[in-house]
Amino acid sequence: MTIRAATRSDLPILVEMGIRFLSTLYQQHCTGNPIALHSMLTHLMERDDGCVIVAERNGVVNGGICGYVFLHHMSGERVASELGWWVDPATRGSGVRLLREFEAWADELGVQCIQLVAPDDRVGAFYARRGYGAVETLYQKRITA
């Protein structure tokens, strides 16, 4: 298995994985828009403070993690925020390596804090085992059909 920076040639599979991810836990909260996903991933690849990393097995991309660095609005600290993280369920096993690479990337950029999204308690427990602590719970309400 290889963990590496994503390239433009990875965009089609990354967009497909993003749509698949949204169709699971998030389907009632967010609809997948391939154009928006493609734009976001391209933007992250082009930014010095953006990151898109993929896991590849036998020449096939089977997972990825992406995020960016920003200055926290209250502390002024550099924060790395994960925007998406997905590994194809049929080929699980590279998720921890993706996270480690994301953490290493953030460390190289001199961040003081990393933020990860936990879509459920199982993922939250995984983060806690890796030293992350829960800070807030996000609530969302759709206001348009």
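In what order do the elements of the protein chain run from the N terminus on? Before I answer, please keep in mind that what we are looking at is a predicted model. Reading from the N terminus, the order is β-α-α-β-β-β-α-β-α, which gives 4 helices and 5 strands in the protein chain. The radius of gyration is 15 Å, close to the 15 Å that the globule rule gives for 145 residues, so the chain is as compact as a globular protein of that length. If you prefer to think in terms of outer dimensions, the C-alpha trace spans about 40 × 40 × 30 Å along its principal axes.

Let me turn to how the chain packs and what it shows to the outside. Of the 145 residues, 36% count as buried, and among the contacts with a separation of 6 or more, 59% are accounted for by residues 24 or more positions apart. The accessible surface comes to about 9,200 Å², and carbon and sulfur atoms hold 54% of that area. As for charge, the protein chain carries 14 positive and 16 negative side chains, with the centres of the two sets lying 6 Å apart.

I would now like to take one residue as an example, and that is Val61, which is found in strand S3, covering residues 60-71. Is Val61 buried or exposed? Its relative accessible area is 10%, and because the cut-off for buried is under 20%, Val61 counts as buried. Leaving aside residues up to four places away in sequence, Val61 touches Arg4, Asp10, Ile13 and Met17, and also Val54, Ala55 and Glu56. Gly110, by contrast, is 49 residues from Val61 in sequence, and the C-alpha to C-alpha distance between Val61 and Gly110 is 28 Å.

Finally, a word on the cysteines, since someone at the bench will probably ask. How many disulfides does the structure hold? The structure holds 0 disulfides. Cys51 is in no disulfide, and the nearest cysteine sulfur to that of Cys51 belongs to Cys66, 8.0 Å away. Seen from the other side, Cys66 is likewise in no disulfide, with the sulfur of Cys51 as its nearest cysteine sulfur at 8.0 Å. A disulfide is counted here when the two sulfur atoms lie within 2.5 Å, so a pair at 8.0 Å does not qualify. Both of these residues sit under cover in the model: Cys51 is buried, with a relative accessible area of 5%, and Cys66 also counts as buried, at 7% relative accessibility.

Note on methods
Residues numbered from 1 in each chain as written. Predicted model: local features only at pLDDT ≥ 70, side-chain atom pairs only at ≥ 80, totals over all residues. Heavy atoms only, no water. Helix = DSSP H or I, 4+ residues; strand = E, 2+ residues; numbered from the N terminus. Rg over C-alpha atoms; globule rule 2.2 N^0.38 Å. Buried < 20%, exposed > 50% of the residue type's maximum accessible area, 1.4 Å probe, protein only. Contact = heavy atoms within 4.5 Å. Areas by Shrake-Rupley, 256 points an atom, 1.4 Å probe, with all protein chains shown as cover. Lys, Arg positive; Asp, Glu negative; His and termini not counted. Charge placed at Lys NZ, Arg CZ, Asp CG, Glu CD.
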